[in-house]
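Student: I'm new to this one. Could you walk me through it?

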Amino acid sequence: MNRKIFILIFGMLILSSCKKEKQQKELIKETYFQNVSVIESFVRFEKDTIYGDDLYDAISFLENLTNIKCSTSESYDPIIEPTEENISDWKKWYELNKTFLEYSDEKKVYLDKQPN
């Protein structure tokens, strides 16, 4: 009888762990693509208003996580100018590295292992 209870509890723990991991992966994907969406809206003129802080935060998030820098203008005082190519690069990076992404207790997405 004790063995059956142990197996049942062990099985429930594994299911709980798998469910938590799946929820975290969904949260990571949602967080990542919310940031990509802000940039897409800016590049594609999809919204009448995009707040500079939101755009800056999204670019900073993606640059820091992926190490892929956003395009800038070639001028005396460079201006950040995200492009379709940046969006494509960030999406490709996600597909290649999504298994290495983790979600911390501080509600931050981070790279757990070195990407390929």
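Tutor: Sure. One term before we start: a contact, or touch, means heavy atoms within 4.5 Å. Also keep in mind that this is a predicted model.

Student: Which residues does L65 touch, leaving out those up to four places away in sequence?

Tutor: Use that cut-off on L65 and skip residues up to four places away in sequence. L65 is also among the residues that touch the most other members of the largest nonpolar core. Its list reads Y32, W93, L101, V109, Y110 and L111.

Student: Which element gives the most residues to the largest nonpolar core?

Tutor: That core has 19 residues. At least two residues each come from α1 (2-43), α2 (52-66), α3 (84-97) and β1 (101-103). With six residues, the top giver is α2.

Student: In what order do the elements of the protein chain run from the N terminus?

Tutor: You'll be placing three helices and two strands. Start at the N terminus and read along: α-α-α-β-β.

Student: Is S41 buried or exposed?

Tutor: S41 sits in helix α1. Beyond its neighbours within four places in sequence, S41 contacts E46, K47 and I50. Buried means under 20% relative accessible area. The value for S41 is 4%, so S41 is buried.

Student: And how much of the protein chain is buried?

Tutor: The same cut-off of under 20% relative accessible area applies here. Out of 116 residues in the protein chain, the buried share is 28%.

Terms used
Residues are numbered from 1 along each chain as its sequence is written. This is a predicted model: local features need pLDDT of at least 70, side-chain atom pairs count only at pLDDT 80 or more; totals for chains, interfaces and linings use all residues. Side-chain values use heavy atoms; hydrogens and water are left out. A nonpolar core is a set of buried Ala, Val, Leu, Ile, Met, Phe, Trp, Tyr and Cys residues joined through side-chain atoms within 4.5 Å. Buried means under 20% relative accessible area, exposed over 50%, partly exposed in between (1.4 Å probe, protein chains only). Helices (H or I, at least four residues) and strands (E, at least two) are DSSP runs, numbered from the N terminus.
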